[in-house]
Amino acid sequence: MKTTLSHAWSRLALSTLAVLGSSTAGAPAAAAADAPPATVGRDPSDPDPHLAAVVTAIGVERLPASAYPDAENRGLAYGSLWLTFHGLQWPYVPAPDDARRLVIGLSGWGWVDTAYEKFGPWGANPMIESSRIKYWKQQARLLLRVTPTYAINRDYFIQSQVELVGTGDQTISRSDVGGADTDDLWLRIGRWNAWDFQVGRFEGWEVFHLGMGLDQNTFERKGAVGIGESSYNIAFYGLTDNQFRPQGAAGNMAFHYYPTRQLRFELLGMAGSLSGPAYATRPVAILDLGWIKVKVGAEYQNIGGQQASDATDVTSRGIGGAVQFVFAPHLELGLNAAQGTVWSIDSNHKLNPKGSYTRTSVGGFLNVSNGDRRHPLLFGVGSLFTRNVDQNDILQNGVVDNYWLYQGFAAVQYVIWEQLFVKLVAGYSRGHWLTAGTDPPIVFDDEMYSVRVRFSSYF
Amino acid sequence: MRKAPRTLMAMTVVALATPAAAAPDAAMPPAEKRRELALSLLPMGLGRFTAAPGGMTSTADAAFSYGVGLHAGYVLWPGLTVGLAPQAFFNVKPKEQAGAGAQEFDLMLRVAYAVRVVETIALYAELLPGYSLIHPPDGDVAKGPVLGGGVGAALDLSDQLFAHFGVGYQVGFQKLPAKDAGAETRTRYLRVALGLGARF
């Protein structure tokens, strides 16, 4: 999509740079000091050449195709890898020359999902009837991204971004009543293709890539964890404790370093209050040679107790990696693996055995495209297997809670007029639980079939 | 005087004839490929398993099954392909039954009609009548007819290679041999086919 959009078409009518004049805040005092003395009797209609040189321009534009860097080939056009940036600085809006300028970029995306799922549990789950359900759901999310970029010159920049969110259900959250209002909300300073420092609300770099299914907030992403299994929760782990935007009064800061075009580093830190005072770090490295991409990372998070007498101490650690191959224009695939541990001390300074566990996820995806720019059709499949094993061997020595979850999907996607994505995703998931809270342990299973159609557009 | 125009004329004819001779080749479609061969992964879900243990017939949800299929076809006339589609899949059992499942082997005739909607995309419908064997880990083999059908899309990766994605349903009418009183042991599944193929 990005490369087919002509720059001219992509600009809004008001994209023509509106020159506001040098009175813009910050019009450099230093420059004024170098200004020649005012000439008495000067014709006011005669433009001051020096003034013209220091003029700050402001423009509003729909982000052009070049704002979405693709130097190393992000992935098959319109495919799932193509919709991620592999650590690249984006929106990428360097100044065309060494003049200062402010450009406000507009972009965004939206989707509407209509989905159906059916659970089929069996086994000795005492809550089994709660899981024997069918469910229809439609949800939506529309996001307008506003990105003011102040260019110091063609290299250095100060950029900020807010993503204004309209949301339909997604099982609300962000402290409910209306749900999410913003996604991204950040500031950064840096040099294009060299480094930047970013602070605010944003996502860490993706390591696990799940393919054309398992999108956020979907049935297949949650898997076969019904209401009856909600107290034995299990979800995939993909170096994801600190990847997504933190909820509550917490935020991120990150330093990004680009020693070469293909090698990228992110050192992300998080601080704030989650269920208690929290801090975290998540370093990630990406080697992107286009046809092969290697991503590795680690993370550490600690959440303590709010009260001075509260000894709560929950420490999460994890490590993971992914390798992805892109054989443009027809095939891309990838493999993921990650493992994380949680060690949980309760408020009375005792080990919480159910809250202390090891999570392991492995998976992969494969996308195939006809490579047709006008009529792009893609098929995608993916699988993910996760196992959680905790420390809960109170009743029987060596027998602990042991859960696993399989999630698989098949997807087909067509893009209408190179703009409207229509994606059909069918999912299957099975979960298996061995719970050691009773003697003998209770063993049960659940499975879930789902299907959904997503309409989405990126602009 | 007369030779020169003739020579010029001959050269002109040659000059004109050369591209003219090449043009039909470039415009001609590649030789029609009538044979196709494809390999598919077959996730089989939302299944039902009917059996008659102790003479009482009962039907239960089948476990999620998975297998592979092959189809070899010949294009009888544009759009219509006829061929064979053997398939094998595993974990054939009621989902609540512990232990290993049976294997099902189906030998099917495949009749498909495809419509090319754009140059690189074809939509198809297929009918798959055939004969099936359900081979349990122990005990007798159930045999009988099977009927499948579905729709799908094929996308071209090159002149020869294509990928396909189809969804359909198949119903079996298998029975145990007479010594087991011909009891039903049959399956039905939602059938998904994902694969790669070649035309030649």
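Of the 200 residues in chain B, 34% are buried. For chain A, the buried share is 37% of 459 residues. Both figures come from a predicted model, one that scores ipTM 0.81 and pTM 0.84.

Confidence is worth a look before anything else. Chain B has a mean pLDDT of 85, with 84% of its residues at 70 or more. The weak part includes residues 1-30 of chain B, where pLDDT drops below 50 and where the model shows one contact beyond near neighbours in sequence. Chain A averages 86, and 85% of its residues score at least 70. Here too the start of the chain is poorly scored: residues 1-42 of chain A sit below 50, yet this stretch makes 47 contacts beyond near neighbours in sequence. Residues 51-55 of chain A are also below 50, with nine such contacts. Where pLDDT is low, predicted coordinates are not something to read in detail.

On to the folds. Chain B has one helix and nine strands, and going along the sequence the helix comes ahead of the strands, in the pattern α-β-β-β-β-β-β-β-β-β. Chain A holds five helices and 19 strands. Long-range contacts feature in both chains: among contacts with a separation of 6 or more, residues 24 or more positions apart supply 56% in chain B and 66% in chain A.

Some of the strand pairing can be followed bridge by bridge. In chain B, β1(B) runs antiparallel to strand β2 (residues 58-61), with four bridges between the two. One of the pairs puts B:Thr50 across from B:Thr59 in β2(B). Together β1(B) and β2(B) make a hairpin with six residues in between, and B:Gly54 in the turn takes a positive phi of about 70°.

Chain A offers a run of neighbouring pairings centred on β9(A). On one side, strand β8 (residues 195-201) and strand β9 (residues 249-257) of chain A pair antiparallel over six bridges, and A:Gly200 faces A:Asn252 in β9(A). β9(A) also pairs with strand β10 (residues 263-273) of chain A, again antiparallel, this time over nine bridges. A:Tyr257 has A:Phe265 in β10(A) as its bridge partner. β9(A) and β10(A) form a hairpin, with five residues between the strands.

The two chains meet through 18 residues from chain B and 16 residues from chain A. On the chain B side, the elements giving two or more residues are β1 (35-51), β7 (142-156), β8 (161-172) and β9 (186-199). That same β1(B) is the strand already seen in the hairpin with β2(B). By residue class, the chain B side splits into twelve nonpolar, two polar and four charged residues.

The largest nonpolar core draws on both chains, as its best-connected members show. It has 71 residues, of which A:Leu378, A:Phe379, A:Phe409, A:Ala410 and B:Leu194 touch the most other members. Strand β17 (residues 402-416) of chain A gives the most to this core, namely seven residues. A:Phe379 is a handy place to see the chains come together: leaving out neighbours within four places in sequence, A:Phe379 contacts A:Val368 and A:Val412 in its own chain, along with B:Ala163, B:Phe165 and B:Leu194 across in chain B. A second core, separate from this one, has six residues, including A:Leu63, A:Ala67, A:Tyr92 and A:Val93.

A:Tyr92, from that second core, deserves a closer look. A:Tyr92 lies in a loop, the one between β2 (57-62) and β3 (101-119) of chain A. Loop or not, A:Tyr92 counts as buried because 21 C-beta neighbours fall inside 10 Å, where the cut-off is 20 or more. Apart from residues up to four places away in sequence, A:Tyr92 touches A:Ser66, A:Ala67, A:Pro69 and A:Trp192. One of these, A:Ala67, is a fellow member of the six-residue core. A:Ala426, by contrast, is 334 residues away from A:Tyr92 along the chain, and the C-alpha atoms of the two are separated by 35 Å.

Terms used:
Residues are numbered from 1 along each chain as its sequence is written. Chains are lettered from A and ligands numbered from 1 in the order in which they are written. This is a predicted model: local features need pLDDT of at least 70, side-chain atom pairs count only at pLDDT 80 or more; totals for chains, interfaces and linings use all residues. pLDDT is the predictor's confidence in each residue, from 0 to 100. Two residues are in contact if their C-beta atoms, placed from the backbone, lie within 7 Å. Ala, Val, Leu, Ile, Met, Phe, Trp, Tyr, Cys and Pro count as nonpolar, Asp, Glu, Lys and Arg as charged, and the others, Gly among them, as polar. A residue is buried if 20 or more other C-beta atoms lie within 10 Å of its own, exposed if 12 or fewer, and partly exposed in between; C-beta atoms are placed from the backbone. A nonpolar core is a set of buried Ala, Val, Leu, Ile, Met, Phe, Trp, Tyr and Cys residues joined through C-beta atoms within 7 Å. Two strands pair if DSSP finds at least two bridges between them.
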